[in-house]
Amino acid sequence: MIAVQLIDSTGRVLGNMRLPADVRLADLEQLALAAGHRSLSEHLEQYLAAEVRAQALEVGVLA
């Protein structure tokens, strides 16, 4: 069994779930997509773009 805490974009805890131990990341992504959320790859792209931008601003590459 895997315990999962559901949190919205503001950090508010929405609840907890217990999932079977054999659940895959792809299964969780399908649930998120079905609920209308972006794919994991889109989240990662957005996160990495923000990190790269922050680093570029820090070293003065972007003004």
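Start on the outside of the fold, where Leu 25, Leu 28, Leu 31, Leu 40 and Leu 44 make a nonpolar surface patch of about 440 Å². A patch here is built from residues with over 30% relative accessible area and no salt bridge, with nonpolar side chains (Val, Leu, Ile, Met, Phe, Trp, Tyr) joined within 5 Å and like charges within 9 Å. The areas come from the Shrake-Rupley method with a 1.4 Å probe, and for residues only the protein chains shown count as cover.

Before going further, keep in mind that this is a predicted model: local features need pLDDT of at least 70, side-chain atom pairs count only at pLDDT 80 or more, and totals for chains, interfaces and linings use all residues. Numbering runs from 1 along each chain as its sequence is written, and side-chain values use heavy atoms, leaving out hydrogens and water.

Back to the patch. Helix H1 (25–34) and helix H2 (40–59) each supply at least two of its residues, and H1 gives the most, with 3. (Helices are DSSP runs of H or I with at least four residues, strands are E runs of at least two, and both are numbered from the N terminus.) Leu 28 sits in H1, and it counts as partly exposed because its relative accessibility is 32%; the cut-offs are under 20% for buried and over 50% for exposed, with partly exposed in between (1.4 Å probe, protein chains only).

Leu 28 also leads us to the largest pocket, which holds about 750 Å³ of space. Of the 19 residues lining this pocket, Leu 28 is among the closest to the centre, along with Leu 6, Ile 7, Ala 32 and His 37. A pocket, on a 1 Å grid over the protein atoms alone, is an open set of points where a 1.4 Å probe fits, with protein on both sides within 12 Å along at least five of seven lines; lining residues have an atom within 4 Å of a point. Strand S1 (2–7), strand S2 (13–19), H1 and H2 each bring at least two residues to the lining, and H1 gives the most, with 5. By class, the lining has 11 nonpolar, 5 polar and 3 charged residues.

Now for the charges. The structure holds 1 salt bridge, in which the side chains of Arg 24 and Asp 27 meet at 2.9 Å, N to O. The cut-off is a side-chain nitrogen of Lys or Arg within 4 Å of a carboxyl oxygen of Asp or Glu. Asp 27 counts as partly exposed because its relative accessibility is 29%.

Note on methods. Grid points are joined across faces, edges and corners, and a volume is the space filled by probe spheres set on the points. Ala, Val, Leu, Ile, Met, Phe, Trp, Tyr, Cys and Pro count as nonpolar, Asp, Glu, Lys and Arg as charged, and the others, Gly among them, as polar.
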